[in-house]
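Visitor: Could you walk me through reading aromatic pairs in a model like this one?
Guide: Sure, let's pull it up.

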Amino acid sequence: MIRGMVSPSSRPPIAGQQIGTTVRAPKTAELIATQLRRQIVHGELRPGMTLPPEMQLMEQYGVSRPTLREAFRILEAEALINVRRGSRGGAQVTTPEVSVPARYIGLLLQIQGTTINDVYDARTLLEPPCARLLAQRRTDDDIAKLRDVVEQVKAQVNSTKPFVPDAESWSRLTYRFHELVLEGSGNKTLALQGAVLANIAATHLRSKIAKGNESDPLSRFQQTIKSFTKLIELAEAGDADAAQQHWATHMDGAAKYLLKDDLEAKPVVDLFY
């Protein structure tokens with residue numbers, strides 16, 4: 001038995017639970033995963049560190065190799081470790097990327113039949129206050145990262161005449177700017193929520209560009225650069241009110257453009273499958 005583990009038969013009944021009700025006891029692999037997860041979250045096991053060899057962990061927990069590997073699979077699915085096979089293999093602690101929660105929350109939105117319009121409504125409510133916080137809390141590094149994205153967008157627009165955006169690179173760059181605005185707010189909760197929505201919005205944008213709408217003039221893309229640049233200037237000046245108002249106007253205009261076609265009422269699931 002894992003050290004510190006209480007036998008199910010010795011646990012007192014949970015408040016409000018009828019005596020005699022069947023309760024599923026956690027599997028040993030789940031308990032091991034919980035202990036390792038706790039150590040990772042608390043920083044006792046840091047990204048880049050390699051867990052002890054399997055034999056050592058099997059002895060420590062008093063379990064078989066299949067049970068230990070099941071615990072590893074749980075943590076791998078959560079992107080908390082990466083298991084490498086072979087003589088030089090082992091389980092290495094990793095840092096989960098935003099794409100991990102985005103994938104699951106996006107799945108929930110899809111199951112509920114959420115529309116693209118619904119997603120953009122949420123983004124319009126979320127991002128302008130973050131632009132305000134960016135102006136209040138910005139660092140030199142925040143401004144530098146935003147300017148770097150703008151320079152990459154300019155380079156892409158000036159790369160071909162006439163300019164025809166590549167769906168993948170254009171959506172990646174423009175939504176990287178949005179992500180930096182969210183991160184620059186200094187509020188991790190808002191940044192994570194916004195990143196989930198940005199992930200879905202980027203997929204929508206790629207879908208729209210892939211349609212090959214040739215009616216978009218060069219001025220439209222230049223306007224995006226101008227709007228991004230203005231937000232940077234307002235944030236750098238610390239003008240929180242103007243930054244929020246400008247980004248609200250930007251988000252509203254972008255939503256009207258991106259939702260003017262048949263994708264407006266399309267369920268999110270149709271973008272992915």
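Guide: Rings of Phe, Tyr and Trp (its six-membered ring) pair if their centres lie within 6.5 Å; planes under 30 degrees apart are stacked, over 60 edge-to-face, and the rest tilted. By this rule there are six aromatic pairs. This is a predicted model, where local features need pLDDT of at least 70 and side-chain atom pairs count only at pLDDT 80 or more, while totals for chains, interfaces and linings use all residues. Residues are numbered from 1 along each chain as its sequence is written, and side-chain values use heavy atoms, leaving out hydrogens and water.

Visitor: Why is the pair of Phe163 and Phe221 edge-to-face?
Guide: A pair of aromatic rings is described by the distance of the centres and the angle of the planes. For Phe163 and Phe221 the centres are 5.0 Å apart and the planes sit at 85 degrees, so the pair is edge-to-face.

Visitor: Where in the chain are Phe163 and Phe221?
Guide: Phe163 is in the loop between helix 6 (140-157) and helix 7 (167-184), and Phe221 is in helix 9 (residues 218-237), 58 residues apart. Helices here are DSSP runs of H or I, at least four residues, and strands are runs of E, at least two, numbered from the N terminus.

Visitor: Are Phe163 and Phe221 buried or exposed?
Guide: Both are buried, meaning under 20% relative accessible area (exposed is over 50%, partly exposed in between; 1.4 Å probe, protein chains only).

Visitor: Which ring pairs link up into a cluster with Phe221?
Guide: Trp170 and Phe221 are also edge-to-face, at 5.2 Å centre to centre and 85 degrees between the planes. Trp170 lies in helix 7 and Phe221 in helix 9, so this pair ties together parts 51 residues apart in sequence. Trp170 is buried too. Ring pairs thus link Phe163, Trp170 and Phe221 into a cluster.
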